Amino acid sequence: MTDQIREQVSALLDGELPPDEVGLLVRRMERNRELRGAFGRYSLIGETLRAPGGLVASPAFAARVSAAIDAPQGVQPGLRRPAASARARWGRPAFAAAIAASFALIAVIAVQPFAGREAAVVAAHTAAAPSGSALGGEASPTPARSQRLAGYLVAHSQFSSPIVRQNVWSGLLAADPGLSRVSYETVEGP
Amino acid sequence: MRRAAAWLTATVLMVAAGTASASPEEARQWLERMSEALATRNYEGLFTHSTATQSESMRIVHRVEDGYSLERLVSLDGSGREIIRTREEVHVYLPDRHVVLVEPRSDAGSLLKALPTPATHLEACYELAVHKGGKLLGREVRVVDIRPRDAMRYGYRLWLDAETAMPLRSVVGEGAGEGQPVEQIQFTRLDIKARIPDKDIEPSVDATGFQWIRMGRNAALVQMPGAGWAPLHLPPGFRLVASRLQLLPGSPVPAQHLIFSDGMAAISVFIEPGPATGPSPPESSTMGSANAFSTSVQGHVVTVVGEVPAATLREVAASVVPLQGGSSAAPASRP
């Protein structure tokens with residue numbers, strides 16, 4: 001594991017990782033057991049250092065995080081219905097809240113089917129974000145999601161005027177900033 | 001002295017006439033000329049496509065053959081993506097995904113059918129104006145402003161070659177593009193050609209081993225259960241121009257596809273059965289001036305796509321409902 005990835009993990013736990021890097025790191029974690037373990041250790045260290053009143057988490061904390069990641073599909077974590085959150089959901093929440101959100105995030109990754117993972121990731125993440133607007137978060141979409149968005153655009157552009165179609169197609173061909181920055185939104189619960 | 005004053009007055013009037021906006025009718029004529037030029041001329045050009053976050057170089061090649069408009073658009077930076085428009089289909093090469101999307105052309109047929117002309121009701125939604133605009137690429141240009149009459153759609157400023165009416169630059173944004181642009185295209189080279197060789201409109205991507213995903217219409221498609229949805233509210237001036245069943249990547253079940261236009265921008269509404277796993281969180285994405293917004297409505301996924309502000313799409317999506325009796329009907333456009 002490189003220093004750069006360590007820094008990314010640390011930034012994720014601090015709530016400071018840019019949204020478009022979250023998806024990449026999450027996928028990397030899915031594939032890399034060592035990285036998942038490091039995430040758990042970092043979480044433990046953070047919790048130990050910053051827990052209110054100096055409370056120390058149990059020694060098995062990191063192991064439980066890794067176990068959550070490896071949990072079989074079908075175990076649904078209890079996700080809070082997120083409150084309306086600010087678009088800048090990465091804005092420095094209290095560390096404990098960031099930790100809680102991050103663990104919810106990882107647990108969700110472990111139990112969601114692939115197609116729904118990133119939406120769930122951000123939904124979970126935004127659960128701990130401060131309230132504000134309805135926008136929940138951003139993440140890299142799955143290839144399937146990108147293709148689907150491209151499909152919508154191509155079907156739509158058939159009915160655009162030539163000058164507008166040139167814009168739409170150029171946007172589609174560009175190094176997809178939009179396609180890689182899908183916002184997953186959350187809504188206020190009843 | 002009197003003669004000098006008359007000369008001065010005449011000069012001022014001439015200068016004013018050269019820079020002031022001409023009538024909306026003249027602007028409309030320039031738009032019609034532009035549409036005709038884009039559809040009927042052979043051309044090849046390089047342009048820069050810019051949004052708020054990035055700028056990318058593109059190459060476009062356009063050839064008219066037996067009344068059909070054939071086209072190739074290539075990203076010269078990074079992704080290497082290409083779009084090829086053949087006589088029958090549109091092919092989107094996504095080498096970064098190892099995928100080719102294939103969509104039947106919707107304007108297959110005569111040149112006249114393919115010739116888009118500004119809708120007659122365009123001026124109900126936009127203020128049109130045209131004025132002289134100096135030079136671009138060494139050519140005299142006319143600047144056409146298409147200013148929206150409300151905030152529910154974007155405005156456009158187009159720099160058209162005074163001789164051919166080909167667009168050399170376009171800006172999309174609020175107002176008529178005077179503010180912060182949402183998207184712009186600036187040609188750095190544009191050649192009108194008598195002939196475009198075959199090789200210039202063929203893809204350069206080696207698609208061996210790529211997944212080919214066929215979308216679009218299929219005669220074998222059966223009307224999906226629950227078809228017959230529509231938005232109850234649309235921005236003023238948007239009218240239903242087409243309705244069809246549409247296959248999309250990743251789903252064997254066709255979506256109901258409704259297309260609305262105000263004469264400049266279009267809004268597509270896709271309605272498809274929702275996933276068995278239950279409703280997903282709403283999602284939105286932005287690609288230049290095009291936005292997309294998906295949400296769940298009564299067990300279905302409603303996706304709205306269009307070259308209008310994201311807030312407009314949300315409002316349209318929020319009003320989509322199944323129609324009584326399950327048949328499609330034109331929705332109400334807000335007064």
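This is a short walk through chain B of the model and its contact with chain A.

Before the details, the ground rules. The model is predicted, and local features need pLDDT of at least 70, side-chain atom pairs count only at pLDDT 80 or more, while totals for chains, interfaces and linings use all residues. Residues are numbered from 1 along each chain as its sequence is written, and chains are lettered from A and ligands numbered from 1 in the order in which they are written.

I start with chain B as a whole. Its secondary structure comes to five helices and 20 strands; helices (H or I, at least four residues) and strands (E, at least two) are DSSP runs, numbered from the N terminus. Of its 335 residues, 40% count as buried. Buried here requires 20 or more other C-beta atoms within 10 Å of the residue's own, exposed is 12 or fewer, partly exposed is in between, and the C-beta atoms are placed from the backbone. Among contacts in chain B with a separation of 6 or more, 56% are between residues 24 or more positions apart. A contact means that the C-beta atoms of two residues, placed from the backbone, lie within 7 Å.

Now the sheet. Chain B has an open sheet of twelve strands with mixed pairing, in the order β7-β8-β9-β10-β11-β1-β2-β3-β4-β5-β6-β12. Two strands pair if DSSP finds at least two bridges between them. At the edges are β7 (126-136) and β12 (211-214) of chain B, each with a single partner strand, so one side of each has no neighbour in the sheet. From one strand to the next, the twist averages 15°.

At the β7 edge, nine bridges join β7(B) to β8(B) in the antiparallel sense, with B:His131 opposite B:Val143 in β8(B). These two strands form a hairpin with two residues between them, and B:Leu137 in the turn has a positive phi of about 50°.

Further along the order, β1 (residues 43-51) and β2 (residues 55-65) of chain B pair antiparallel over eight bridges, and B:Thr48 stands opposite B:Ser57 in β2(B). Helix α2 (residues 24-40) of chain B packs on the sheet, and its direction makes about 65° with that of β7(B). Chain A also contributes a helix: α8 (residues 162-173) of chain A lies across several strands of chain B, including β1, β2 and β11 (181-192), and runs at about 105° to β11(B). Axes for these angles are lines fitted to C-alpha atoms, for helices over the stretch in contact, and angles run from 0 to 180 degrees between N-to-C directions.

Next, which strand is enclosed by the rest of the structure? Strand β15 (residues 255-261) of chain B is largely enclosed, because seven of its seven residues are buried. B:Ala255, B:His257, B:Ile259 and B:Ser261 point one way, and B:Gln256, B:Leu258 and B:Phe260 the other. β15(B) pairs antiparallel with β14 (residues 239-246) of chain B over seven bridges, where B:Ser243 stands opposite B:Leu258. Six bridges join β15(B) to β16 (residues 266-273) of chain B, also antiparallel, and B:Phe260 has B:Ile267 as its bridge partner.

Last, the contact between the chains. It takes 65 residues from chain B and 45 residues from chain A. On the side of chain B, the largest share, five residues, comes from strand β17 (residues 283-287).
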